[in-house]
Amino acid sequence: MAILSILHYPDPRLRNKATPVMQVDDTIRTLIDDMLETMYQAPGIGLAAPQVNVSKRVIVIDISEDRTSPLCLINPEIVNRDGIETMEEGCLSVPGIYEPVERARQIRVRALGRNGKPLDMQVDDILAICIQHEIDHLDGKLFVDYLSELKRQRIRKKLEKQRRQTL
Ligand code: ZN
């Protein structure tokens, strides 16, 4: 397994729309394992392939406290949304920034699992929020897009300043 490097906002590569996985093979499984390792090491609760510069529709999530319940979704699709919930979100591609975002409280998702078999699940609360956040990445969307232009500008400036300081 390998730790992959994570792209940071406002990297334009985060804006690409990822393509569906045609076949769940060993290449995809290696990608999933590397993404999980990268996510755990960061640490974060979710990671989408475009964040590690792979333009494929793959996401990994683990919201468990002991970090032992990885969930991986390939070609995920939200087929139903219900309710509204606002939660403070963060993102490994927007380090150190946490802002409230409004999303559906409950969703039904269809996807393929790590073994290539279809999954159909109904999830709510933090897992539903997390899945929506990660699927946005597959469409080139970031949580900062839900904020005001002014707030987004401030975040961009803050991250650029951080980057200069670490160089
Ligand atoms: Zn994110």
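**A chat about a zinc-binding chain**

Q: Hi! Is Ala 48 buried or exposed?
A: Buried: Ala 48 has a relative accessibility of 0%. Bear in mind as we go that this is a predicted model.

Q: Got it. Where is Ala 48 found?
A: Ala 48 sits in strand 1, a strand that covers residues 46-48.

Q: And what does Ala 48 touch, not counting residues up to four places away in sequence?
A: Six residues are on the list: Met 35, Val 58, Ile 59, Glu 134, His 137 and Leu 138. Met 35 falls in helix 1, which covers residues 26-41. Glu 134, His 137 and Leu 138 fall in helix 2, residues 125-138. Ile 59 belongs to strand 2, residues 58-61.

Q: How many residues separate Ala 48 and Gly 90 in sequence, and how far apart are they in space?
A: They are 42 residues apart in sequence, and their C-alpha atoms are 14 Å apart.

Q: His 137 was on that contact list. What coordinates the zinc ion?
A: His 137 is one of the donors, through its NE2 atom. The others given are Cys 91, through SG, and His 133, through NE2, and the distances run from 2.1 to 2.2 Å. So Ala 48 touches a residue that coordinates the zinc ion, because His 137 is a contact of Ala 48 and also a zinc donor.

Q: How are the donor residues spaced in sequence?
A: The pattern is C-x41-H-x3-H.

Q: Why are the two histidines separated by about one helical turn?
A: Because His 133 and His 137 are 4 residues apart in helix 2.

Q: Are His 133 and His 137 buried or exposed?
A: Buried, in each case. His 133 has a relative accessibility of 6%, and His 137 has 2%. The cut-off for buried is under 20%, so each of these values qualifies.

Q: Let's zoom out. How many helices and strands does the chain have?
A: There are 3 helices and 7 strands. Reading along the sequence, you get α-β-β-β-β-β-β-β-α-α. The chain is as compact as a globular protein of 167 residues, because its radius of gyration is 15 Å, close to the 15 Å from the globule rule.

Q: What box do the C-alpha atoms fill?
A: Roughly 45 × 40 × 30 Å, taken along the principal axes.

Q: What share of the residues is buried?
A: Buried residues come to 44% of the 167 in the chain. The accessible surface is about 9000 Å², and carbon and sulfur atoms account for 50% of that.

Q: What about contacts between residues at least 6 apart in sequence?
A: Of those, 64% join residues that are at least 24 apart.

Q: And how many positive and negative side chains are there?
A: The chain has 24 positive and 25 negative ones, with the centres of the two sets 7 Å apart.

Q: Now the backbone. Which residues does a cis peptide bond join?
A: One cis bond joins Tyr 9 and Pro 10, with omega about 5°. Another joins Ala 42 and Pro 43, with omega about -10°. Pro 10 is in the segment before helix 1, whereas Pro 43 is in the loop between helix 1 and strand 1.

Q: Which residues other than glycine have a positive phi?
A: Asn 53, near 65°, and Asn 75, near 50°, are two to look at. Asn 53 belongs to the loop between strand 1 and strand 2, while Asn 75 is in strand 3, residues 71-82. Asn 53 is partly exposed, with a relative accessible area of 44%.

Q: Back to the end of helix 2. Where is Asp 139 found?
A: In the loop between helix 2 and helix 3, the latter being residues 149-166. Asp 139 is partly exposed, at 35% relative accessibility. Leaving aside neighbours within four places in sequence, Asp 139 is in contact with Asn 16, Lys 17 and Arg 57.

Q: How far is Asp 139 from Ile 61?
A: Their C-alpha atoms are separated by 17 Å, with their positions 78 residues apart along the chain.

Q: Last one: is Ser 5 buried or exposed?
A: Exposed, at 60% relative accessibility. Ser 5 lies in the segment before helix 1 and touches Gln 51 and Val 52, not counting residues up to four places away in sequence. The C-alpha atoms of Ser 5 and Pro 20 are 22 Å apart, and these residues are 15 apart along the chain.

Technical notes: Residues numbered from 1 in each chain as written. Predicted model: local features only at pLDDT ≥ 70, side-chain atom pairs only at ≥ 80, totals over all residues. Heavy atoms only, no water. Rg over C-alpha atoms; globule rule 2.2 N^0.38 Å. Buried < 20%, exposed > 50% of the residue type's maximum accessible area, 1.4 Å probe, protein only. Contact = heavy atoms within 4.5 Å. Areas by Shrake-Rupley, 256 points an atom, 1.4 Å probe, with all protein chains shown as cover. Lys, Arg positive; Asp, Glu negative; His and termini not counted. Charge placed at Lys NZ, Arg CZ, Asp CG, Glu CD. Donors = N, O, S within 2.8 Å, 3.2 Å for Na, K, Ca; no water.
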